[in-house]
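Reader: I am new to this structure and would be grateful for a close look at one part of it. Please set out how that part is connected to the rest.

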Amino acid sequence: MASSLLAAVAVVMAAAATVFVGAASGASYTVGEPGGGWDTQTNLTAWASTVDLRRGDQLVFRYDASAYDVVEVTRAGYLSCSAASPVSAALRTGNDVVRLDGAAGWRYFIYGVEGRCAAGMKLQVRVTDAGAGCNNTLPSPSLAPAPPGAPSPGITICSGGPPTVIMTPGVISYGAAPRSSANLSSSLLVAMVSLLLGIIVV
(Lines give C-alpha, C1' and ligand atoms only; values in the text may rest on other atoms or scores of the structure.)
Protein backbone atom coordinates (compact mmCIF):
# COMPACT_ATOMS: atom_id res chain seq x y z
CA MET A 1 0.00 0.00 0.00
CA ALA A 2 2.78 2.42 0.93
CA SER A 3 4.68 1.75 -2.30
CA SER A 4 1.57 2.33 -4.45
CA LEU A 5 0.91 5.56 -2.55
CA LEU A 6 4.48 6.70 -3.19
CA ALA A 7 4.14 5.81 -6.88
CA ALA A 8 0.92 7.85 -7.09
CA VAL A 9 2.62 10.81 -5.42
CA ALA A 10 5.53 10.54 -7.89
CA VAL A 11 3.10 10.64 -10.84
CA VAL A 12 1.30 13.68 -9.42
CA MET A 13 4.59 15.47 -8.74
CA ALA A 14 5.72 14.84 -12.33
CA ALA A 15 2.45 16.38 -13.49
CA ALA A 16 3.06 19.31 -11.14
CA ALA A 17 6.48 19.91 -12.67
CA THR A 18 4.88 20.04 -16.11
CA VAL A 19 2.19 22.49 -14.96
CA PHE A 20 4.66 24.79 -13.22
CA VAL A 21 7.22 25.08 -16.04
CA GLY A 22 5.34 28.01 -17.62
CA ALA A 23 4.71 29.73 -14.29
CA ALA A 24 8.39 29.75 -13.37
CA SER A 25 9.42 31.60 -16.52
CA GLY A 26 8.52 35.00 -15.11
CA ALA A 27 5.76 37.56 -15.09
CA SER A 28 5.10 40.30 -17.62
CA TYR A 29 4.54 43.92 -16.59
CA THR A 30 3.34 46.60 -18.99
CA VAL A 31 4.99 49.87 -17.96
CA GLY A 32 2.52 52.36 -16.50
CA GLU A 33 -0.54 50.10 -16.55
CA PRO A 34 -3.25 50.18 -15.52
CA GLY A 35 -4.26 53.65 -16.58
CA GLY A 36 -0.93 54.86 -17.93
CA GLY A 37 1.94 54.02 -20.19
CA TRP A 38 5.36 55.04 -21.47
CA ASP A 39 4.58 58.78 -21.69
CA THR A 40 5.02 62.06 -19.81
CA GLN A 41 1.55 61.92 -18.21
CA THR A 42 2.26 58.74 -16.22
CA ASN A 43 4.13 58.96 -12.94
CA LEU A 44 6.62 56.22 -13.76
CA THR A 45 8.39 56.52 -10.40
CA ALA A 46 5.13 55.80 -8.57
CA TRP A 47 4.37 52.93 -10.95
CA ALA A 48 7.80 51.36 -10.38
CA SER A 49 7.21 51.42 -6.61
CA THR A 50 4.15 49.16 -7.05
CA VAL A 51 5.84 46.28 -8.87
CA ASP A 52 8.04 43.52 -7.48
CA LEU A 53 10.31 42.58 -10.36
CA ARG A 54 12.27 39.34 -10.33
CA ARG A 55 14.96 37.97 -12.61
CA GLY A 56 13.21 36.35 -15.56
CA ASP A 57 10.28 38.80 -15.53
CA GLN A 58 9.78 41.14 -18.45
CA LEU A 59 8.84 44.78 -18.95
CA VAL A 60 6.62 45.70 -21.88
CA PHE A 61 6.87 49.27 -23.17
CA ARG A 62 3.81 50.33 -25.22
CA TYR A 63 3.86 53.74 -26.87
CA ASP A 64 3.41 55.66 -30.11
CA ALA A 65 6.43 54.53 -32.15
CA SER A 66 6.24 57.62 -34.35
CA ALA A 67 6.83 59.87 -31.33
CA TYR A 68 8.83 57.94 -28.72
CA ASP A 69 11.53 55.35 -28.09
CA VAL A 70 13.02 53.48 -25.12
CA VAL A 71 16.73 53.49 -24.33
CA GLU A 72 18.30 51.43 -21.57
CA VAL A 73 21.08 53.46 -19.96
CA THR A 74 23.46 53.38 -17.01
CA ARG A 75 22.64 55.08 -13.71
CA ALA A 76 24.68 58.10 -14.82
CA GLY A 77 22.71 58.26 -18.07
CA TYR A 78 19.46 58.02 -16.11
CA LEU A 79 20.41 60.81 -13.71
CA SER A 80 21.61 63.12 -16.51
CA CYS A 81 18.89 62.07 -19.01
CA SER A 82 21.59 61.21 -21.52
CA ALA A 83 21.34 58.44 -24.10
CA ALA A 84 24.91 59.10 -25.28
CA SER A 85 26.21 55.79 -23.86
CA PRO A 86 23.29 53.35 -24.00
CA VAL A 87 23.46 49.86 -22.48
CA SER A 88 21.75 48.51 -25.61
CA ALA A 89 20.33 49.82 -28.88
CA ALA A 90 17.27 52.07 -28.69
CA LEU A 91 13.92 50.30 -28.94
CA ARG A 92 11.45 51.84 -31.38
CA THR A 93 8.64 49.39 -32.19
CA GLY A 94 5.99 50.80 -29.85
CA ASN A 95 5.54 47.38 -28.25
CA ASP A 96 8.98 46.54 -26.88
CA VAL A 97 9.66 43.65 -24.51
CA VAL A 98 12.70 43.79 -22.22
CA ARG A 99 13.56 40.57 -20.39
CA LEU A 100 14.99 41.15 -16.95
CA ASP A 101 17.65 38.47 -17.11
CA GLY A 102 21.18 38.71 -15.82
CA ALA A 103 22.24 39.88 -12.41
CA ALA A 104 19.82 41.30 -9.88
CA GLY A 105 20.10 45.05 -9.37
CA TRP A 106 18.89 48.32 -10.84
CA ARG A 107 17.92 48.83 -14.50
CA TYR A 108 17.42 52.29 -16.05
CA PHE A 109 15.32 53.37 -19.05
CA ILE A 110 14.79 56.80 -20.60
CA TYR A 111 13.19 58.43 -23.61
CA GLY A 112 16.19 59.24 -25.79
CA VAL A 113 15.23 62.77 -26.85
CA GLU A 114 16.19 65.63 -24.54
CA GLY A 115 13.35 67.33 -22.73
CA ARG A 116 10.92 64.42 -22.35
CA CYS A 117 13.24 62.52 -20.03
CA ALA A 118 13.63 65.58 -17.80
CA ALA A 119 9.82 65.89 -17.83
CA GLY A 120 9.56 62.43 -16.25
CA MET A 121 9.77 59.98 -19.14
CA LYS A 122 12.33 57.79 -17.39
CA LEU A 123 12.11 54.66 -15.33
CA GLN A 124 14.37 52.96 -12.81
CA VAL A 125 13.42 49.51 -11.59
CA ARG A 126 14.97 47.14 -9.10
CA VAL A 127 15.22 43.50 -10.12
CA THR A 128 15.66 40.97 -7.33
CA ASP A 129 16.55 37.29 -7.28
CA ALA A 130 13.62 34.89 -7.38
CA GLY A 131 14.32 33.78 -3.81
CA ALA A 132 14.49 37.29 -2.36
CA GLY A 133 11.95 37.92 0.37
CA CYS A 134 11.88 34.24 1.39
CA ASN A 135 12.70 33.03 4.84
CA ASN A 136 12.21 29.93 6.95
CA THR A 137 10.08 31.02 9.89
CA LEU A 138 8.05 27.95 10.77
CA PRO A 139 9.74 24.80 12.04
CA SER A 140 9.01 21.49 10.39
CA PRO A 141 6.30 19.38 12.00
CA SER A 142 8.67 16.43 11.55
CA LEU A 143 11.10 15.54 14.30
CA ALA A 144 13.47 13.79 11.88
CA PRO A 145 16.49 15.83 10.73
CA ALA A 146 17.01 16.46 7.04
CA PRO A 147 19.24 13.98 5.19
CA PRO A 148 22.77 15.21 4.33
CA GLY A 149 22.71 17.67 1.42
CA ALA A 150 18.96 18.30 1.68
CA PRO A 151 17.52 21.66 2.71
CA SER A 152 16.75 21.89 6.41
CA PRO A 153 13.15 21.07 7.31
CA GLY A 154 10.75 23.94 7.66
CA ILE A 155 8.11 25.86 5.79
CA THR A 156 9.47 28.48 3.44
CA ILE A 157 7.46 31.69 3.29
CA CYS A 158 7.98 33.96 0.29
CA SER A 159 6.55 37.35 -0.55
CA GLY A 160 6.29 36.46 -4.24
CA GLY A 161 7.67 34.19 -6.90
CA PRO A 162 6.38 31.09 -8.59
CA PRO A 163 3.94 28.70 -6.91
CA THR A 164 5.44 26.21 -4.49
CA VAL A 165 4.34 22.87 -3.14
CA ILE A 166 5.93 21.86 0.15
CA MET A 167 5.68 18.25 1.26
CA THR A 168 6.74 16.96 4.65
CA PRO A 169 5.79 13.61 6.18
CA GLY A 170 2.03 13.61 6.62
CA VAL A 171 1.56 17.23 5.48
CA ILE A 172 1.05 18.84 2.09
CA SER A 173 1.06 22.61 1.97
CA TYR A 174 0.56 24.85 -1.03
CA GLY A 175 1.19 28.51 -1.63
CA ALA A 176 1.01 30.68 -4.74
CA ALA A 177 2.07 34.26 -5.10
CA PRO A 178 -0.69 36.63 -6.24
CA ARG A 179 1.50 37.60 -9.19
CA SER A 180 1.44 34.06 -10.60
CA SER A 181 -0.67 33.25 -13.64
CA ALA A 182 -0.89 29.59 -12.68
CA ASN A 183 -3.07 29.89 -9.57
CA LEU A 184 -6.08 28.01 -11.01
CA SER A 185 -4.13 25.10 -12.46
CA SER A 186 -2.03 24.97 -9.30
CA SER A 187 -5.13 24.84 -7.12
CA LEU A 188 -6.54 22.02 -9.24
CA LEU A 189 -3.28 20.13 -8.91
CA VAL A 190 -3.30 20.50 -5.11
CA ALA A 191 -6.91 19.32 -4.98
CA MET A 192 -5.94 16.30 -7.07
CA VAL A 193 -3.02 15.47 -4.78
CA SER A 194 -5.23 15.91 -1.74
CA LEU A 195 -7.87 13.56 -3.10
CA LEU A 196 -5.25 11.06 -4.10
CA LEU A 197 -3.78 11.00 -0.64
CA GLY A 198 -7.10 11.36 1.17
CA ILE A 199 -6.04 14.58 2.86
CA ILE A 200 -8.13 17.74 2.89
CA VAL A 201 -5.99 20.86 2.47
CA VAL A 202 -7.42 24.15 3.69
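Reader: Which residue does Q58 stand opposite in β5?

Author: Q58 stands opposite R99 in β5. The model discussed here is a predicted one, and the pair offers a convenient point from which to follow the strands.

Strand β3 comes first. β3 and β5 run antiparallel and are joined by five bridges. β3 also pairs with strand β1 (residues 28–30), here in the parallel sense and over three bridges. In that second pairing, T30 has V60 of β3 as its bridge partner.

T30 itself deserves a closer view. The residue belongs to strand β1, and its relative accessibility of 15% places T30 among the buried residues, because buried means under 20%. Leaving aside residues up to four places away in sequence, T30 touches W47, V60 and R62. With R62 there is also a polar contact between the two side chains, at 3.5 Å.

R99, the partner of Q58, takes part in a salt bridge as well. R99 and D101 form this link, and their closest N and O atoms are 3.2 Å apart. R99 is partly exposed at 40% relative accessibility, and D101 is likewise partly exposed, at 41%. The structure has six salt bridges in total, and two others are described below.

β3 also leads to the nonpolar interior. The largest nonpolar core has 22 residues, and V31, W38, W47, L59, F61, F109 and L123 are those with the most contacts inside it. At least two residues of this core are supplied by each of α2 (44–48), β3 (58–62) and β7 (122–128). A second core, separate from this one, consists of seven residues, among them V73, Y108, I110 and C117. As a general matter, nonpolar side chains in soluble globular proteins tend to be buried together.

L123 shows how the surroundings of one core residue are made up. When residues up to four places away in sequence are not counted, L123 touches V31, W38, L44, W47, A48, L59, F61, Y78, R107, Y108 and F109. W47 therefore appears in two sets of contacts, since contact means heavy atoms within 4.5 Å and W47 is touched by both L123 and T30.

From β7 one may turn to another sheet. Four strands form an open sheet with mixed pairing, in the order β2-β7-β6-β4. Its edge strands, each paired on one side only, are β2 (53–54) and β4 (71–73). β2 and β7 run parallel and are joined by two bridges; L53 stands opposite V127 in β7.

V127 also serves as a reference for the loop between β2 and β3, where G56 is placed. The C-alpha atoms of G56 and V127 are separated by 9.2 Å, although the two residues are 71 residues apart along the chain. G56 counts as buried, with 11% relative accessibility.

Two salt bridges concern the edge strands of this sheet. One joins D52 to R54, with the closest N and O atoms 2.7 Å apart. In this pair D52 is partly exposed, at a relative accessible area of 30%, whereas R54 is buried, at 3%. The other joins E72 to R107, with the closest N and O atoms 2.5 Å apart. E72 lies in strand β4 and R107 in strand β6, so this salt bridge ties together parts that are 35 residues apart in sequence. Both E72 and R107 are buried.

A covalent link completes the account. The structure holds one disulfide, formed by C81 and C117, whose sulfur atoms are 2.2 Å apart. The angle about the S-S bond is -75°, and the link is left-handed. C81 lies in the loop between α3 (75–80) and β5 (95–99), while C117 lies in the loop between β6 (105–110) and β7, so the pair ties together parts that are 36 residues apart in sequence. C81 is buried at 16% relative accessibility, and C117 is buried with a relative accessible area of 1%. C117 is also one of the residues of the second core.

To return to the opening question, Q58 and R99 stand opposite each other where β3 and β5 run antiparallel.

Terms used: Residues are numbered from 1 along each chain as its sequence is written. This is a predicted model: local features need pLDDT of at least 70, side-chain atom pairs count only at pLDDT 80 or more; totals for chains, interfaces and linings use all residues. Side-chain values use heavy atoms; hydrogens and water are left out. A nonpolar core is a set of buried Ala, Val, Leu, Ile, Met, Phe, Trp, Tyr and Cys residues joined through side-chain atoms within 4.5 Å. Buried means under 20% relative accessible area, exposed over 50%, partly exposed in between (1.4 Å probe, protein chains only). Two strands pair if DSSP finds at least two bridges between them. A disulfide is a pair of cysteine sulfur atoms within 2.5 Å. A salt bridge is a side-chain nitrogen of Lys or Arg within 4 Å of a carboxyl oxygen of Asp or Glu. A polar contact is a pair of N or O atoms within 3.5 Å; within protein, one must be able to donate a hydrogen and the other to accept it, and residues adjacent in sequence count only if both atoms are side-chain atoms.
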